Each structure stands twice: as structure tokens, then as C-alpha cells.
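Student: I keep running into labels like "buried" and "oblique" when I look at structures. Can we go through some of them and see where they come from?

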Amino acid sequence: MNPIHEMNEKKKLIITTALKLFSAKGSAATSMQEIAELCGMSKGSLYLMFKSKEELESSTLEYCMFTLIDEMTQIEQEAGLTSRERLHKQIETLLIHVSELREFLRVQLRSMMMDDEQKHRDQCNPQHRELEVRILHWFKDKLEAMYGSEIEPYTIDLMLLTQGLFLSYVKIWFTEMPSLTVAKMASNLLRTMDYAAQGLLQNKPAPLIMLDHWPAWTREFNADSTVMRHPVHIIKQMQDIITSDLQPGQLRTDALETIAILKREMMEFTPRRAIILGMMHNLNHIPAIQPLHSELQHIMDAMYSRFIQADSSNQ
């Protein structure tokens, strides 16, 4: 097995094991020794991969985020759903994840709220900034799909309202009203968004915060940047084009098989570069998907550049 991939598999085992323990009893009550034993390795070997429990917690939180992004992406690709139905399902998925990770997230949120140094580190982390921009663009697109382009000036107002309601629902759900259901909370959140959006569109007040004044929006960013596109979105577009544009035959069959392998690999926690490069090479000769191929190639170059930098810093 490729040594790098083997290392990544070990990291995945550590992170998923830590996640189970953190979710069951909280990170404070979980020791690195306990995690190491459950992973079948020594404590020293664990510290070779993660310098501290704080670093492991951060990696675990990142793993949760990208697992959620993958699920959101899959919902985005489901056919036959309206924009509102798709968002409702995505909110439910988010609530389910929050419920499953409640003890772990409780500690993480408390830490981020109380620790100014942690806040500063998060704000300076390029991946966290990238995620913040990505979420903002995603939310803006959702609003415009449901309410039209006229809602754009109120993007930040509605985002703050939605975030506040979501966090309040979760807090009440965890502490005072465990009988609340995911479906009811998602429905009520969307209904409140509807009322707010309709009122804003009807009365047209001045927004409290203009989109162009929001740091995550004004931060230097290329609108065409592939950062904003999840690889699976691009692969799905490739699949659709190949299915519709290529005549039935061996070329189309081979291309669709390649796409299926590429998609499966992209959904892995640590996609293997050699497999992805091989599949990308197999698709390079299809003119109809060349723009998408170039976009995906750009993403992969950036992703593996970050991986190499992170790996070098851990040595």
C-alpha cells in the first residue's frame, strides 16, 4: 500500500475513534491513551500524527464539517425536489448531525466562544475562511432560488436571523425541550424565513448590513474560483453531459465507469491522488467536458498542495 495513503487511513481511524469517544462522553473525559488503545497503537505513535489533543479535536471538527458538506452535496443532486424541499432536507440533515455530536460540539462551541486566541486562530485559518465564504455563497444562492434575485440586498440580514434561530432551537432542544423533532424545527425555521423574506420584499426597508459590507463577501476572492465548487458537483455535471451528449457505445460506457470510480474516490476521507489522476487522464480526451475537467484539475492541484504543506509541517 502507498505509505502516504496508509498514513491517511491511520489518521482516519484515529479521528473516527476520537469522534465516537468525544460524542459519547465529551473530549475532556477522553484521554489520548484511551484513543490510542482503541486504535491498537501506542500513545507515542498517536502523538506522531497529532501533536496534542487540541490538534486532534480540531481535525475531528474539520472531519465532521466535510462529512456534512458531502451529505449536503448529495442532497443538492437529488432530482425532483424544489429549492425549498431541498433546503428543508438539508436543514434536517444538519440537525441530525448536531444531535449525534452534541457532547463534542457543546465543548467545541463553548471553547470557541470563550477563547479569544482560538477565535483569532480560526479567523486566520485559510480553510476556515474558505469555508465561511463557501457557506455564504451557498446561502445566497438558496435565498435567490426561493425568493428571486430581489432578495439579494437582505442576504446578511436573513443569514443572521437564520443562524440565530438555528442555534436557539438547538440550545432549547438540548437543554429544555428534547421532545422537539427535527422535522418540526426545520419546518418552523423555513416558515420564519418565508415570513421575514416576504416582509422585506414587500416593505423594502434599508438592510441593516449590506452584502458588500460583510467581511466574508468583501474578502479578496475570485468569483470564478473553484473553491466555491465541491468536486462532486463538477463530477455530476460531467456525468450528465456524457450521458446526454455521447452516443451509446464503448466510449460512453468507459467514460461513465470512470466517472463512477472518480466520484467514489472523491467521497473518501482521503482521496488517493494516483487513482484520481488516472481517472482524470481517462477523461481528458472528451471535448464536451473539457471546461469541467480543467476546473476539477484546478481543485485537485490546490487540494494536494495544501495536503503536502500540512504533511511537511507535521514532520
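Student: What makes D70 count as buried or exposed in this model?

Tutor: This is a predicted model, so keep in mind that the values are computed from it. D70 has a relative accessible area of 13%. Buried means under 20%, so D70 is buried. D70 is found in helix α4, residues 53–76. The C-alpha atoms of D70 and P231 are separated by 9.7 Å, although the two are 161 residues apart along the chain.

Student: And what makes K204 count as buried or exposed?

Tutor: K204 has 60% relative accessibility, and exposed means over 50%, so K204 counts as exposed. K204 is found in the loop between α10 (182–203) and α11 (215–218). Phi of K204 is near 50 degrees, a positive value in a residue other than glycine.

Student: Why are α5 and α10 called oblique to each other?

Tutor: Helix α5 (residues 83–100) and α10 pack at an angle of about 130 degrees, with their axes 9 Å apart. Roughly perpendicular runs from 65 to 115 degrees and roughly antiparallel is over 145. The angle of about 130 degrees fits neither, and it isn't under 35 as roughly parallel would need, so the pair is oblique. The crossing of α5 past α10 is right-handed. Among the residues making the contact are L87 and I91 of α5 and L189 and M193 of α10. By class, this contact has 11 nonpolar, 2 polar and 4 charged residues.

Student: What do you call the arrangement of α12 and α13, and why?

Tutor: The axes of helix α12 (residues 231–245) and helix α13 (residues 250–266) cross at roughly 165 degrees and come within 10 Å. Over 145 counts as roughly antiparallel, so α12 is roughly antiparallel to α13. The crossing of α12 past α13 is left-handed. In the contact, residues of α12 including P231, I235 and I242 meet residues of α13 including L256, I259 and M266. The contact of α12 with α13 divides into 10 nonpolar, 2 polar and 2 charged residues.

Student: How do you know that the span of α9 agrees with its number of residues?

Tutor: Helix α9 (residues 155–175) has 21 residues, and at 1.5 Å a residue these should span 30 Å. The sum uses one less than the number of residues. The end C-alpha atoms of α9 are 30 Å apart, so the two values agree. The buried residues of α9 include L158, F166 and W173.

Notes. Residues numbered from 1 in each chain as written. Predicted model: local features only at pLDDT ≥ 70, side-chain atom pairs only at ≥ 80, totals over all residues. Heavy atoms only, no water. Helix = DSSP H or I, 4+ residues; strand = E, 2+ residues; numbered from the N terminus. Buried < 20%, exposed > 50% of the residue type's maximum accessible area, 1.4 Å probe, protein only. Axes fitted to C-alpha atoms, helices over the stretch in contact; angles between N-to-C directions. Left-handed = near helix turned anticlockwise from the far one by under 90°. Contact = heavy atoms within 4.5 Å. Nonpolar A, V, L, I, M, F, W, Y, C, P; charged D, E, K, R; others polar.
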